[in-house]
Amino acid sequence: MDQVRPAFSPAMAIGSMLEEAVARVLRASPMHENSGAPHGVLKTPICPDGRPDSKGKWPVRTLLPIEQWPSDRETLEEWASLRLDVHLGAMMPLTQMAWESNANRHGDWESLDASRIAEMGRNAISLHLDELKHLVDDSSLLCWQRLRDGVREQIPAPDGWSPDVELPPEVCSATGWLGAWFAGRPWFVDPDAALFSMTSIHPDAWFAGEFDFVYRWAEAPSIIDLKASDGTGDFGRGYPNQLTAYAWLWKETHDGQTPLSLRIWYLDGPHVKEVPIPDDMGFEAWAQQAEALHLRMFDSNRSISQFPAEPSAMVRFQPGGTDEVRTDEDRCTWCDARLLCEHGRSHVTWPDPPALDTGRWKTFDEFRSRWTAAGHAMSLSSLRDRWPEFSLKDDEGHQRVFVRQGGPEGLQEVDLGEYISISDVRVEPRYRGPVIIADDLSTLHRNPDPDLERVELNTFQMRYSIHGIAISLTSKLLEFDDGRTNPMWSVRLVDASGTCEAIAFGDDVPKIAPSIRRGDHLLMHGIWIGERFGKPQIRLDRSSSVMVI
Ligand code: SF4
């Protein structure tokens, strides 16, 4: 099944960029990294699986003159803010390019306020320093002794040094705010690691998640989730559950250790929201509910009717995710899934069909990809070829049948000239006209009814026109084991009757594909109807054309 991808808004792109920029600041050492050093000055060596490689070539780091070391909260915050500016300055244009090249981009990049983004990054640093204040105020905390002894966690926080090396003496002996920077550094995803390569996975593999910050300076960890917002939006309703999931995942993957605190840092403010930690029974109940849902969602016999659409009321919060209130807004009006969801489709004004009647327009519920072929079996010797084929002869002549995926059972026993039918064949265009494809989903019938409805290639209507709204796009370069590559582009379309995916490969990818956006009303002429996982799929080739209207 193709995936319906969510819209990719500038705010989403900025959220991940901001997290990465802050992680880059936290990974750095104020004793070794000049506040004006370039963005890429520190690079963690990465394994082929995308994770930090302890055996790789780690950067050699030179100690800065002691007078350049930050010595208190103010100078540390100033250094961190300058580092943040360097990273944001380098990352913003790259993030914009990535957003612009994303087929599912949505919204307007110009709507972003760069100064607000930088402010949110500074707020993250300030909240981090608030956390470090606990260490500055209490030199008896065990994390200080661990720093003195050079003891690192089994999975250390990314700090620019290989997990296998001893930390430099100047780091181990640091005190005050500078020492707290090292002793209190939280775990986070190394900003150089590949996407999702540092995800925590439940031992039973049915649940996974990626922590933002895990502070480990106290007797139990604090899990922090960063949000590039002020917490007033409807999304905030799900965040406490997300944090509970993280706490449960931590417990499950760390010998039953319960986190000390769960917090959401709303960086537009900033605001800190404390999320209550369930007791053991609460965790148990949460896990049972989550696992039951997982099993229902991934059951091979699941059906959409098991998940009836029951949209809840939209809510709003006060800044910081407090004081939830229901609003009158209709969730379906803004829902990304409304064009697909049975409930949401009634909220859509469908575009009128094009005025021109070519006699070839089809709505998605009229699509059919399987037919019945019949005739006298001829050219059976070609069934032994590498690409087996034979023909079915009738009054109109010979129809070529290509046999794929082994074809229907019993084909090898058919006698030359025997009248047969094959149900559930496909029809595909070829250079010399359409051909019949008999595959493992087709069924051979010997002694069939001679009057059965059958496909006639001479008159078969191969090409159609369709119109529909684009709701999800995919554009990628397929890479094969032999090193070859091939571009692929697909779009999920909806019309008033249903939904269908359209796909094109290589030179058949329409020239206007890069300019097609979610929500565009598309006209396609000269398409043919193939199949994927038993469902009709619109195929585009050189005879097809695509227009945005
Ligand atoms: S359109 Fe969206 S919000 Fe409305 S019922 Fe469907 S999935 Fe739920």
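In this briefing, Ala, Val, Leu, Ile, Met, Phe, Trp, Tyr, Cys and Pro count as nonpolar, Asp, Glu, Lys and Arg as charged, and the others, Gly among them, as polar. On that basis, the shell around the ligand divides into six nonpolar, two polar and two charged residues. The structure is a predicted model. The points below cover the ligand shell, a four-stranded sheet, two helices, the backbone exceptions and one residue of strand 16.

**Ligand surroundings**

- The residues around the ligand are Ala309, Pro311, Arg331, Cys332, Cys335, Ala337, Arg338, Cys341, His343 and Gly344.
- Because Arg counts as charged, Arg331 and Arg338 belong to the charged part of this shell.
- Because Gly is placed among the polar residues, Gly344 belongs to the polar part.

**The four-stranded sheet**

- Four strands form an open sheet with mixed pairing, in the order 3-4-5-6.
- Strand 3 (213-215) and strand 6 (271-275) are the edge strands, and each of them pairs on one side only.
- From one strand to the next, the twist averages 25°.
- Strands of a sheet pair through backbone hydrogen bonds, in either the parallel or the antiparallel sense.
- Strand 5 (residues 261-266) pairs with strand 6 in the antiparallel sense, over five bridges.
- Isoleucine 264 has lysine 273, in strand 6, as its bridge partner.

**Helix 1 and helix 6**

- Helix 1 (residues 10-27) has 18 residues and reaches 26 Å from its first C-alpha to its last, close to the 26 Å expected at 1.5 Å a residue.
- The buried residues of helix 1 include the nonpolar Ile14, Met17, Leu18 and Val22, and among them are also the charged Glu19, Arg24 and Arg27.
- The cover over the buried residues of helix 1 includes helix 2 (73-100), helix 3 (114-137) and strand 4 (222-227).
- Helix 6 (residues 176-183) is mostly covered, with seven of its eight residues buried.
- Those buried in helix 6 are Trp177, Leu178, Gly179, Ala180, Trp181, Phe182 and Ala183.
- Helix 2, helix 3, helix 4 (142-148) and helix 5 (169-172) are included in what covers the buried residues of helix 6.

**Backbone exceptions**

- Most residues other than glycine have a negative phi, and most peptide bonds are trans.
- A cis peptide bond, with omega about 0°, joins glycine 269 and proline 270.
- Proline 270 lies in the loop between strand 5 and strand 6.
- Alanine 205 has a positive phi, near 65°, and is found in the loop between strand 1 (200-201) and strand 2 (208-209).
- Alanine 205 counts as exposed because 7 other C-beta atoms lie within 10 Å, where the limit for an exposed residue is 12 or fewer.
- Serine 379 also has a positive phi, near 55°, and is placed in the loop between strand 9 (371-378) and strand 10 (389-394).
- Serine 379 has 15 C-beta neighbours inside 10 Å and therefore counts as partly exposed.

**Valine 491**

- Valine 491 is placed in strand 16 (residues 485-495).
- Valine 491 counts as buried because it has 29 C-beta neighbours inside 10 Å, where the threshold for a buried residue is 20 or more.
- Beyond its neighbours within four places in sequence, valine 491 is in contact with Ala470, Leu473, Ala502 and Ile516.
- Valine 491 and alanine 103 are 388 residues apart in sequence, and their C-alpha atoms are 9.4 Å apart in space.

Terms used: Residues numbered from 1 in each chain as written. Predicted model: local features only at pLDDT ≥ 70, side-chain atom pairs only at ≥ 80, totals over all residues. Pairing = 2+ DSSP bridges. Axes fitted to C-alpha atoms, helices over the stretch in contact; angles between N-to-C directions. Expected span 1.5 Å × (residues − 1). Contact = placed C-beta atoms within 7 Å. Near = placed C-beta within 6 Å.
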